[in-house]
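Me: I am new to this structure and would like a close look at a single part of it, the place where two neighbouring helices meet. Please begin with how far the model can be trusted, and then lead me to that part step by step.

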Amino acid sequence: MTSAAQWHPKPKADLTPTAPPDSQGRVLRGAAIPAATTKPSGLSGAVLTKSPLIPWSYSRLSKYERCPAQAKWSYTLKRDYVQGVAAARGSAAHSTIENFLSKKTKVLHTAVLPYQHVMEDIRRFNPEVEKEVAIDRNWQAAPWNACWGRGGIDAAYYIRKQRKAELFEWKTGKMYDDHDEQRRIYILFSAVAYPDVEETRIRSYYFDLDKMKELVVRREEMEPIRTDFNARLHIMEGDTVMAPRPGYYCSWCDFSKAKGGPCKF
Ligand code: SF4
């Protein structure tokens with residue numbers, strides 16, 4: 001959650017001009033890029049030499065697919081904001097679970113207390129908490145600071161004998177459609193974290209809704225998921241314009257014209 005934003009160009013943003021986009025506003029990855037002949041006309045009109053969304057994460061892809069310009073500005077403009085109450089509460093809940101599963105404390109956030117028995121069950125397996133996974137373009141493990149894509153799994157453990165991975169996600173607040181997609185990408189990350197995995201199950205706990213969503217994927221079912229994400233990620237990475245895609249969500253976008261942002265919508 002953001003509050004009133006102030007706008008500053010981020011010094012490391014790469015906004016130098018390059019090739020003109022194709023008819024759909026995209027430059028394909030690997031295509032020849034002619035020498036720049038124009039200067040950027042400002043942040044909103046600049047053509048990017050490389051995507052500011054790489055290394056990607058699921059949240060970057062999700063934001064891009066909703067509105068490319070919103071994603072671009074989120075990662076190229078520095079905003080001064082304070083964490084909202086709901087986000088702070090979610091962070092606090094996550095933090096107590098992390099400490100509980102790491103056996104540093106037995107105290108859980110009040111939002112999580114009804115699920116204490118679940119946490120105790122998970123803790124018996126000595127899970128890895130806040131597990132970071134970083135990959136290269138071939139979906140092989142890569143260093144966090146030199147990767148193509150990355151993400152963090154709230155908790156995970158591996159049952160070696162059965163070659164099964166168990167992943168967990170903690171959610172406060174609402175359930176959104178794109179959480180299904182997030183689960184699918186974490187399933188792919190499990191094959192990187194546990195290379196000989198045969199089956200992965202991910203469970204997302206929605207504490208405020210008292211709901212749990214589960215997805216189980218076998219190894220042979222992972223390739224089509226990877227193909228789908230690869231196609232979407234390559235479109236995102238090859239988009240050097242990242243044009244605004246207006247929709248109902250504009251009314252609460254921090255970059256909108258109404259909020260004094262750089263967008264014309
Ligand atoms: S105002 Fe709308 S079109 Fe403009 S950046 Fe925000 S979401 Fe995208």
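Reply:
**Confidence, then the helix pair**

In this predicted model, confidence in the protein chain is lowest in strand β1 (residues 8-9), where the mean is 43, and highest in strand β6 (residues 199-206), where the mean reaches 98. Over residues 1-44 the pLDDT is below 50, although this stretch has 75 contacts in the model beyond near neighbours in sequence. Where pLDDT is low, the predicted coordinates should not be read in detail. For the protein chain as a whole, the mean pLDDT is 84, and 81% of the residues reach 70 or more.

The setting of the helix pair comes next. The protein chain holds 6 helices and 7 strands, and, read from the N terminus on, its elements follow the order β-α-α-β-α-α-β-β-β-α-β-β-α. Of its 265 residues, 28% count as buried, and among contacts between residues at least 6 apart in sequence, 61% join residues at least 24 apart.

The part to look at closely is formed by helix α1 (residues 58-66) and helix α2 (residues 68-76), which pack with their axes 5 Å apart and at an angle of about 135°. Because this angle is neither over 145 degrees, as roughly antiparallel would require, nor within 65 to 115, as roughly perpendicular would require, α1 and α2 are oblique to each other. From the side of α1, the residues that take part are Arg60, Lys63, Tyr64 and Arg66, and in α2 they meet Pro68, Gln70, Ala71 and Ser74. Sorted by kind, the residues of this contact comprise 3 nonpolar, 2 polar and 3 charged.

Helix α2 itself is mostly covered, with 7 of its 9 residues buried. These buried residues are Pro68, Ala69, Gln70, Ala71, Lys72, Trp73 and Ser74, and Pro68, Gln70, Ala71 and Ser74 are also the residues of α2 that α1 meets.

The residue numbering leads from here to the ligand. Around the ligand there are 13 residues, of which Cys67, Pro244, Cys250, Cys253 and Cys263 come nearest. The shell that these residues belong to is made up of 10 nonpolar, 2 polar and 1 charged.

For comparison, one can turn to Thr200, whose place is in strand β6, the strand where confidence is highest. Thr200 counts as buried because it has 28 C-beta neighbours inside 10 Å. Leaving aside neighbours within four places in sequence, Thr200 is in contact with Ala165, Leu167, Ile187, Ser190 and Val217.

Key
Residues numbered from 1 in each chain as written. Predicted model: local features only at pLDDT ≥ 70, side-chain atom pairs only at ≥ 80, totals over all residues. Helix = DSSP H or I, 4+ residues; strand = E, 2+ residues; numbered from the N terminus. Buried ≥ 20, exposed ≤ 12 C-beta atoms within 10 Å, placed from the backbone. Contact = placed C-beta atoms within 7 Å. Near = placed C-beta within 6 Å. Nonpolar A, V, L, I, M, F, W, Y, C, P; charged D, E, K, R; others polar. Axes fitted to C-alpha atoms, helices over the stretch in contact; angles between N-to-C directions. Parallel < 35°, antiparallel > 145°, perpendicular 65-115°, else oblique. pLDDT = per-residue confidence, 0-100.
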